[in-house]
Every structure is written in structure tokens, then in C-alpha cells.
Amino acid sequence: SGKLNSTGTVTLTASSTTSTLSDARIGVNSVIFFMPTTANAATAKANLYVSARGDGTATLTHASSANSDQDFSYVIIG
């Protein structure tokens with residue numbers, strides 16, 4: 001039905017500048033796209049980037065915020 005088995009959700013760690021995304025489908029060459037699913041995530045998206053990738057994990061770097069609902073959906077390619 002046109003679906004991909006390469007999606008998931010992640011919430012940025014509150015009051016921190018990094019968050020860890022753990023997903024067995026992530027590799028060192030994966031491309032990860034994010035879609036904010038809350039208003040606070042939409043604000044955080046401007047400063048969100050993937051600063052490191054490894055087998056099964058990615059480090060997300062972002063601005064520090066006390067908001068605990070910075071929720072994103074993501075898709076992994078490769």
C-alpha cells in the first residue's frame with residue numbers, strides 16, 4: 001500500500017543539546033529526514049541536525065529547551 005518500513009518517532013531530550021536516536025536500521029551512510037509533530041518540535045527543527053551516525057544509532061544536536069514534547073517522526077534512507 002505504498003508504505004516503507006523505515007520510519008519511526010523520536011523525542012528530543014529536554015534541557016540538553018544532544019539526543020540519541022537508536023534504530024537498528026541506521027548505518028554510517030544513512031540519510032535521516034525529520035518531520036515535527038508538535039508545535040515545540042516545529043520550533044526546534046531549525047536547529048536540529050545529525051552530528052554523528054553509527055551502526056544502529058545517530059546523535060542529534062539541537063538547541064537546549066525545557067520543552068519535553070519536541071516530538072518528531074523520521075524516515076531513514078540507506
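**Two open sheets and their surroundings**

In this predicted model, Thr 9 is placed opposite Ser 73, a residue of strand 6. A further facing pair between these strands is formed by Thr 7 and Val 75, the latter again in strand 6. Strand 1 and strand 6, which covers residues 71-77, are paired in the antiparallel sense, and five bridges connect them. The two faces of strand 1 are unlike in their cover: Gly 8 and Val 10 make up the covered face, whereas Thr 7, Thr 9 and Thr 11 make up the uncovered one. Thr 9, which stands opposite Ser 73, thus belongs to the uncovered face of strand 1.

Strand 6 also pairs with strand 3. The two run antiparallel and are joined by six bridges. Within this pairing, Phe 34 stands opposite Tyr 74 of strand 6. Together the strands form an open sheet of three strands in the order 1-6-3, with antiparallel pairing. Strand 1 and strand 3 are the edge strands; each has a single partner strand, so one side of each lacks a neighbour in the sheet. On average, neighbouring strands of this sheet are turned by 30° against each other, direction ignored. In general, the strands of a sheet are paired through backbone hydrogen bonds, in either a parallel or an antiparallel manner.

Strand 3 spans residues 31-36 and contains Phe 33. Phe 33 has a relative accessible area of 48%, and is therefore classed as partly exposed, since this value lies between the limits of 20% for buried and 50% for exposed residues. Phe 33 is also one member of a nonpolar patch on the surface, the other members being Val 31 and Ile 77. The accessible area of the three residues together is about 270 Å².

A second open sheet, also of three strands, has the order 2-5-4 and antiparallel pairing. Its edges are occupied by strand 2 and strand 4, the latter covering residues 49-54; each has a single partner strand, so one side of each is without a neighbour in the sheet. Neighbouring strands in this sheet are turned by 25° against each other on average, with direction ignored. Strand 4 runs antiparallel to strand 5, residues 57-61, and five bridges join the two. Ala 52 and Thr 59 stand opposite each other in this pairing, with Thr 59 in strand 5.

The loop between strand 1 (7-11) and strand 2 (18-22) contains Ser 16. Apart from neighbours within four places in sequence, Ser 16 is in contact with His 62, Ala 63, Ser 64 and Ser 65. For Ser 16 and Ser 65, the C-alpha atoms are separated by 6.9 Å, although the two residues are 49 residues apart along the chain.

With regard to charged side chains, the count comes to one salt bridge. The salt bridge links the side chains of Arg 25 and Asp 23, at 2.7 Å from N to O. The two partners fall into separate accessibility classes. Asp 23 has a relative accessibility of 8% and so counts as buried, the limit being under 20%. Arg 25, by contrast, has a relative accessible area of 31% and is partly exposed, because this value falls between 20% and 50%.

Conventions:
Residues are numbered from 1 along each chain as its sequence is written. This is a predicted model: local features need pLDDT of at least 70, side-chain atom pairs count only at pLDDT 80 or more; totals for chains, interfaces and linings use all residues. Side-chain values use heavy atoms; hydrogens and water are left out. Patches are made of residues with over 30% relative accessible area and no salt bridge: like charges are joined within 9 Å, nonpolar side chains (Val, Leu, Ile, Met, Phe, Trp, Tyr) within 5 Å. Accessible areas come from the Shrake-Rupley method with a 1.4 Å probe; for residues, only the protein chains shown count as cover. A salt bridge is a side-chain nitrogen of Lys or Arg within 4 Å of a carboxyl oxygen of Asp or Glu. Helices (H or I, at least four residues) and strands (E, at least two) are DSSP runs, numbered from the N terminus. Buried means under 20% relative accessible area, exposed over 50%, partly exposed in between (1.4 Å probe, protein chains only). Contact means heavy atoms within 4.5 Å. Two strands pair if DSSP finds at least two bridges between them. Axes are lines fitted to C-alpha atoms, for helices over the stretch in contact, and angles run from 0 to 180 degrees between N-to-C directions.
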